[in-house]
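This briefing covers two topics: the pairing of one strand with its partners, and the surroundings of one ligand.

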Amino acid sequence: MSPRRQGWVTAAVVLLAVLVSGCERPPPESVQRGYRGLGMVEFWNPRTLATQVSANQAPEALPPAPAGGPPASAVFKNLKVLGDVSVTELTRTMVAMTAWVAPQQGCAYCHAAGEDMAADTLYTKVVARRMLQMTRHINTNWKDHVSTTGVTCYTCHRGNPVPAETWTVNPGPVTAQGMAGNRAGQNAPAPQVGLASLPFDPFTPFLDQRNEIRVVSTSALPTDDHKSIKQTEWTYALMMHMSQSLGVNCTFCHNTRSFAAWDASTPQRATAWYAIRTVRDINTEYLNPLASILPASRHGPLGDGPKANCATCHQGVYKPLFGANMLKDYPALSGVVMTPAAPVTPPPQVSANFAIIYFAVASSDVPGELPSALVPIVTALKNNARATASISGYHSATGDPTQNSDLAKNRATAVQATLVAAGLPSNRLILLKPMSAEANLAGEDPMARRVEISVK
Ligand code: HEC
Ligand code: HEC
Ligand code: HEC
Ligand code: HEC
């Protein structure tokens, strides 16, 4: 071989080694989940599966409490959730909660050392009480999703005071101002959407707000029912997150012949439909309102608190902890909430001072009587008599420009009216024309149809 040829061969061998090093070893295994030829296959790698299994083990259950004994409410002074369990079961639940949420800090994480256990001094105890209600609520009212497997504090917390997988509203990376700098909510590869250059915050519109998750139009002719490219991208971003959080590919739920057709989808897609509703429910009813009690260090860049998505419980596995049923060993965490969901009373120092409310197409109806995003705003204004709120309405790019600017204004007025109905004087609720009308987002963008409220 000529030295030159030898050089080529060496280069080829090196190149091959580089290429092969990108392959997974040992070869992944697969299972057919649909009829043959449909490509409904799930792949897994035995090596990574083994690591995943050991990282997702449920801790051993504590020995059961002896049956009987007085109810905890007869002995303890300040129980709003667990009054219905026995005294020994209460103590046992406290021990389990400590191991699941604050193993390093111990009881003192929620009960100030040297103080009566009944005192609600620490914010962590107030949050934990709401968490107990949320856990019971999920286990009782969302069986279509979590079945009888249910959830415990460990499902999300895994030994950490703050769960590893949470999200806050993502305003995106700071960019240069103007047209060139506008990323329109995307083109910044985010780990949440599998590093695709898809919208980096699909959670706000879909897992907090209730925007429709649709790509396929239900009519063949161009009518009002058009779906924009933007809307498609948001949907795909959410789907990437769902697949990644469950460690599955799209065919776990869909037959790719038609993503929309329910009759061609797997039963898991129906479970996932309920799952999306579960997550919306716990985010708006339980987690969002807690933002005002959490310290500022827990808040996202826009002042909202950490919320749940699919990864919070699933952590890369199709069923959290591979379906381990921890709930059956902890009766205190199932059952119906006894007292009506206790209103969360935030302490005076409120840092949440910014909110966004999203609207349906061509609508200026505020979703609900007092959307949870407005709760911290109301509190902030009530706590500081000199504070004012500025309210700015926006619209999406489609439609007639003059009608649109009316629509944006009507949206802002509707939010103002909602705040007046919540007991605030209108002279402290200032309607402010947006700095830029922001018609840059093409088509019918759910993120564009909004009102922004900021407290100063
Ligand atoms: C993650 C927070 C958290 C940790 C850690 C925790 N607790 Fe609690 N504890 C609570 C909450 C919340 C309540 C109130 C439950 C309710 O309202 O039903 C409570 C209530 C109690 C009560 C009843 C007090 C009364 O008179 O109303 C006792 C006793 C108690 N805890 C003991 C303990 C012990 C002992 C430990 C450590 C092994 C512990 N707790 C760890 C959150 C916690
Ligand atoms: C669906 C997932 C989920 C479940 C189930 C859950 N939590 Fe949480 N928890 C969260 C999220 C999200 C937060 C907000 C994170 C933060 O505080 O920054 C949180 C925060 C907390 C905090 C405040 C921690 C801090 O230092 O800010 C406490 C205490 C807590 N949870 C206790 C519990 C207890 C006790 C249970 C079981 C009764 C429980 N959680 C069940 C998701 C969950
Ligand atoms: C865990 C189940 C699950 C996985 C995995 C999943 N999807 Fe979905 N998908 C759903 C559900 C449920 C809906 C409907 C949501 C709704 O109506 O609220 C949906 C809706 C869609 C739609 C909209 C269909 C319509 O009616 O217009 C598309 C497109 C889609 N998914 C594509 C994908 C792609 C691409 C992937 C892989 C990256 C994927 N999905 C992974 C459950 C799943
Ligand atoms: C509060 C915790 C929690 C959250 C958050 C959560 N899940 Fe689940 N999910 C569970 C539990 C627990 C199960 C197991 C139920 C069972 O054993 O059948 C489950 C099961 C499922 C299944 C059925 C899997 C199978 O093999 O049958 C699907 C699909 C699913 N979840 C999708 C989702 C999606 C999509 C999201 C986000 C929109 C999500 N889940 C968020 C707790 C959660």
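Two strands pair if DSSP finds at least two bridges between them; strands (E, at least two residues) and helices (H or I, at least four) are DSSP runs, numbered from the N terminus. This is a predicted model, in which local features need pLDDT of at least 70 and side-chain atom pairs count only at pLDDT 80 or more, while totals for chains, interfaces and linings use all residues. Residues are numbered from 1 along each chain as its sequence is written, and chains are lettered from A and ligands numbered from 1 in the order in which they are written.

**Strand β4 and its partners**

- Serine 390 of β4 stands opposite isoleucine 430 in β5, and the strands β4 and β5 (residues 429–431) are paired in the parallel sense over three bridges.
- From β4 the chain reaches β5 through helix α13 (residues 401–421), and this β-α-β crossover is right-handed (with the strands pointing away from the viewer, the path from the first strand over the helix to the second runs clockwise).
- Serine 390 also stands opposite serine 454 in β6; β4 pairs with β6 (residues 450–455) in the antiparallel sense, over five bridges.
- Strand β4 (residues 389–393) is largely enclosed by the rest of the structure, because four of its five residues are buried (20 or more other C-beta atoms within 10 Å of the residue's own, with C-beta atoms placed from the backbone).

**Surroundings of ligand 4**

- Ligand 4 is surrounded by 24 residues (C-beta atom, placed from the backbone, within 6 Å of the molecule), and the closest are Ser147, Thr149, Ala275, Cys310 and Cys313.
- Helix α10 contributes the most to this shell, with six residues.

Conventions:
Buried ≥ 20, exposed ≤ 12 C-beta atoms within 10 Å, placed from the backbone.
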